[in-house]
Amino acid sequence: MTRLSTRATAPRPTMADVAAEANVSVKTVSRVVNREPGVRPETAARVIAVVERVGFRRADTSRPLRAGRTNTIGLVVEDLANPFYSQVGAAVEREARIRRHQLITASAEGSPSRERAVLAELIARRVDGLVVVPAGATPSLDPEVAESGTPIVYLDRPVRGAADMILSDNHGGIRSAMEHLVAHGHRRVGFLGDDGQFWTARQRREAFATVHDDLHLPGAPRICMGPHSATSVGEILEAWSTGKEPVTALITGNNRVTVHTLRAMRRLDLPLAIVGYDDFELADLIDPPVTVIHQDPAAMGQKAAQQLFVRLLGDESAPTTVVMPTRLIVRGSGRPHQVHATVSPIRPEPGGHRV
């Protein structure tokens, strides 16, 4: 008896079930079902035999069977207004245009349910492939996407399951920022993170705590996660800046938190050192210019799009995870301010150079 025939109470067979039974990928089943080229005759015959034997049928009539490529791809991000995602989108669109594809872009607004609805709509439009920044705390491979056979590359945040993923070196970025601040004499550093429901926010929080311990900084790590506003950040900074051991420097978890923090620092006249995660427009014109951890969203978007088009060309190799490096752009805001008598820059060794 076959694996599927033993399921007396199993739900209707899916494309993934057919793929497992025929010992092929879901994409191969999709090509056979949708009469697309690129499948060897003997493989197609084996898939068709399994489809007929198990009674596989496409249940969602809102998704028409593919008659071929549409020369469109989809991009789903968290927030189209965020400069990080606008740079990702520009890079994906550029790669699509080179290959004579149109890009459809949508925002999930950080909502898993909205993301599912957006993905269903894009699949109904028969996009050839998808680049997705997944929403939610612990996102998994979307079964609707998997069953459709649509190639997908996940960006910035991982998902549970086997899938192509393009991530950023969050731990390396936070470590470079911490080491930079410590090199300038800071010992009491606070971390203002983004909403902890997001994987990137949790990664940066964990990296901060780990590096704080690795560098033997005094006291417990000072961490406050979002979501934040300029008002809430101001309240946190007032609390952190009072007492016997006030913070002298900050690391912010993303560009939005950085902007809230700069506004609060200006309003409260707090001359703290700061390093922000993600670059942002006019960061070099602020006094002092803001040092940032740059993770190159354009390069990440380009890499994701390139991997997607590799899949569209028929590559069925095992899924890959690429971790893109970050770069610390030093502009001056990480140095100690003169008003901070408690901050003593590290003195160079005799004959050495000041950091």
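These are my notebook entries on the cavities and salt bridges of this predicted model.

**Entry 1: empty space inside**

I began with a general idea: rolling a probe the size of a water molecule over the atoms shows where empty space is left. My search of the whole structure turned up three cavities of 30 Å³ or more. I then picked the largest cavity, which has a volume of about 130 Å³.

Which residues sit closest to the centre of the largest cavity? Out of 16 lining residues, I noted Y85, T200, R204, N254 and D278 as the closest.

Next I looked up which helices take part. At least two lining residues come from each of α4 (83-98), α8 (199-214) and α10 (255-268). Helix α8 gives the most, with three residues.

I also sorted the lining of the largest cavity by class. I wrote down seven charged residues, six polar ones and three nonpolar ones.

**Entry 2: salt bridges**

How many salt bridges does the structure hold? I found 14. I took a look at three pairs, one after another.

My first pair was R256 and D79, whose side chains meet in a salt bridge at 4.0 Å, N to O. R256 is in helix α10 and D79 is in the loop between β1 (72-77) and α4, so the pair links distant parts of the chain, 177 residues apart. I checked exposure too: R256 has a relative accessible area of 29%, and D79 has 25% relative accessibility. Both values lie between 20% and 50%, so R256 and D79 count as partly exposed.

My second pair was D214 and R175, where the closest N and O atoms are 2.7 Å apart. This pair also links distant parts of the chain, with D214 in helix α8 and R175 in helix α7 (residues 170-183), 39 residues apart. D214 is partly exposed at 40%, and R175 is partly exposed at 29%.

My third pair was E121 and R125, which meet through their side chains at 3.1 Å, N to O. Are these two buried or exposed? E121, at 41% relative accessibility, counts as partly exposed. R125 counts as exposed because its relative accessibility is 51% and the cut-off for exposed is over 50%.

**Entry 3: a network**

Finally, I went back to R256 and D79 to see what else they join. Both belong to a network of salt bridges that links E78, D79, D156, R157, D194 and R256. I marked these residues in my notes, to find them again in the structure.

How values were computed: Residues numbered from 1 in each chain as written. Predicted model: local features only at pLDDT ≥ 70, side-chain atom pairs only at ≥ 80, totals over all residues. Heavy atoms only, no water. 1 Å grid on protein atoms, 1.4 Å probe; cavity = no way out; pocket = protein on both sides within 12 Å on 5 of 7 lines; lining within 4 Å. Points joined across faces, edges and corners; volume = space filled by probe spheres on them. Helix = DSSP H or I, 4+ residues; strand = E, 2+ residues; numbered from the N terminus. Nonpolar A, V, L, I, M, F, W, Y, C, P; charged D, E, K, R; others polar. Buried < 20%, exposed > 50% of the residue type's maximum accessible area, 1.4 Å probe, protein only.
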